[in-house]
Amino acid sequence: MKNLKKTDREIASLIVAERKRQEETLMMIPSENIASKSVEEAVGSCLGNKYAEGYAFRRYYQGQEFVDQVETIAIERAKKLFGVPFVNVQPYSGSPANTAVYFALIKPGDTIMGLSLAHGGHLTHGASVSLSGSYFKSVSYGLDKNGIIDYKEVERLALLEKPKVIVAGVTAYPPLVNWKKFGEIADKVGAYLLADISHLSGLIASGVYPSPVPYVHIIMTTTHKTLRGPRGAMLMVTEKGLKKDPDLGKKINKAVFPGLQGGPHINSIAGIAVALKEASSAKYKKYAQQIINNAKKLGEVLKKNGFTLVSGGTDSHLLLVDLSNKGVIGNLAAEALEAANITLNRNAVPFDANPPFYPSGMRLGTPGITSRGMKEKEMEKIGTWITEVVEDVARIKKEMGVEFAGEKQSSVRKEIIAKSKKIKEVKKMVIALCKKFPIKDQY
Ligand SMILES: Cc1ncc(COP(=O)(O)O)c(C=O)c1O
């Protein structure tokens, strides 16, 4: 940062402030993580200066000697790590990558099917506010009363609606996804099956979560979540995918460029290559297992303290908590915890009685805090602090006689949070814990 500090103090000081915020905060938004300095250096390198439209050894500009090698290395590492025959590392991020799959395979008006946003799917799985739900006919499946994907309903809907693409993918779903079942359903109706493993790819790469590779045709993953790489995404085609459609790889490549994107971000692709190397190590495998161990432990503590966990617990990196019995909405819980330096997000729970902007739940995960080296012992503390903060603001809210209409107002929530001594106490303890587990340059 020595140059930036000299030339642009305004931006440099914001980066310094954000770094301090990350240092002193428990990063518990499940889609976030802390990439290594090596990844950061690759992303911040001169590779960002290079235009490289096209694919390795088939570009539209000169000067590709080194970037061709970077992209090829990234592809080969991903193929090896995930056990797939085809990879595209160019998507700018997860949303364009999913859109590229649709662009490759279907026409506007064709039917796609995915997990509803309200039950833990992503916007790009067919939500009406997204391109995926407005350019295509979108059919959504959901969870059953126990918070598990209703596979019978998935099958019934698939047989009825005959979607051309089925998306098996989750953003707020703690249990295992049954890839095999999805594969059987897709095969029955002749649909392409896309597994969106954005949240899970780090766990899958290290074998601590089941891989969809044998059962699906295409896989999309972002690279900045459990995989702990830079912002970006990858599209992979499996052997099963090539068997269904030998041109699938070509179609995906064409859809990404020139279909949807221009020049690839070669600096991000270099960061992806670095992250894939890191994710191939024995150390990373231990890290991935610890993410799950930590999430399970945290779930146990919260459950013991009277929280309701959607689907009863977790098999992955995240927890979805229904706060209804605690007497607060997700907004108040998330903002109170933010004031205590614990960042997570408010989230709808399945069959939520509240509107999406004021949902009944919160979603939290362990990839970021596990990257700092925290283990079960720290989860005990964090679970206790989360309980204390949520229960304290619930108590203050009750004493103030605030109902749902008041809780929806940001100024009222601020007033409740300002009254809590507990939040200030917890914040001090969180900062002390963060100091014991500083963000490292390497893992
Ligand atoms: C399952 C899933 N798919 C796609 C995306 C979109 O990724 P991006 O935000 O990089 O566009 C996300 C992001 O959270 C996600 O969780």
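**Briefing: two open sheets and a ligand shell**

In this structure, four strands form an open sheet in the order S11-S12-S15-S14, and their pairing is antiparallel. Strand S11 (308-309) and strand S14 (345-347) are the edge strands, each with a single partner strand, so one side of each is left without a neighbour in the sheet. The model is predicted. A further open sheet has seven strands, and 13 residues surround a ligand.

**The four-stranded sheet**

- Two bridges join S11 to strand S12 (residues 318-322), and this pair is antiparallel.
- Leu309 has Val321, in S12, as its bridge partner.
- Helix H13 (residues 282-304) lies across S11, S12 and strand S15 (361-365), and the helix runs at about 20° to S12.
- Helix H14 (residues 330-339) lies across S14 and S15, running at about 170° to S14.
- As background, the strands of a sheet pair through backbone hydrogen bonds, in either a parallel or an antiparallel sense.

**The seven-stranded sheet**

- The strand order in this open sheet is S4-S10-S9-S8-S7-S5-S6, and the pairing is mixed.
- At the edges stand strand S4 (86-88) and strand S6 (137-141); each has a single partner strand, so one side of each is left without a neighbour in the sheet.
- From one strand to the next, the twist averages 20°.
- Strand S7 (residues 165-169) pairs with strand S8 (residues 192-196) in the parallel sense, over five bridges.
- Ile166 stands opposite Leu193, a residue of S8.
- Helix H11 (residues 248-260) lies across S4, strand S9 (218-222) and strand S10 (233-237), at about 155° to S10.

**The shell around the ligand**

- Among the 13 residues around the ligand, those that come nearest are Ser93, Gly94, Ser95, Thr171 and Ser198.
- Helix H5 (residues 94-105) contributes the most to this shell, with three residues.
- By residue class, the shell holds twelve polar residues, one charged residue and no nonpolar residues.

**Leu433 and its contacts**

- Leu433 belongs to helix H19 (residues 421-436).
- Around Leu433 there are 19 other C-beta atoms within 10 Å; a residue counts as buried at 20 or more and as exposed at 12 or fewer, so Leu433 is partly exposed.
- When neighbours within four places in sequence are left aside, Leu433 is in contact with Glu378 and Lys381.
- Leu433 and Glu378 are separated by 55 residues in sequence, and their C-alpha atoms are 8.3 Å apart in space.

Key
Residues are numbered from 1 along each chain as its sequence is written. This is a predicted model: local features need pLDDT of at least 70, side-chain atom pairs count only at pLDDT 80 or more; totals for chains, interfaces and linings use all residues. A residue is near a molecule or strand if its C-beta atom, placed from the backbone, lies within 6 Å of it. Ala, Val, Leu, Ile, Met, Phe, Trp, Tyr, Cys and Pro count as nonpolar, Asp, Glu, Lys and Arg as charged, and the others, Gly among them, as polar. Two strands pair if DSSP finds at least two bridges between them. Two residues are in contact if their C-beta atoms, placed from the backbone, lie within 7 Å. Axes are lines fitted to C-alpha atoms, for helices over the stretch in contact, and angles run from 0 to 180 degrees between N-to-C directions.
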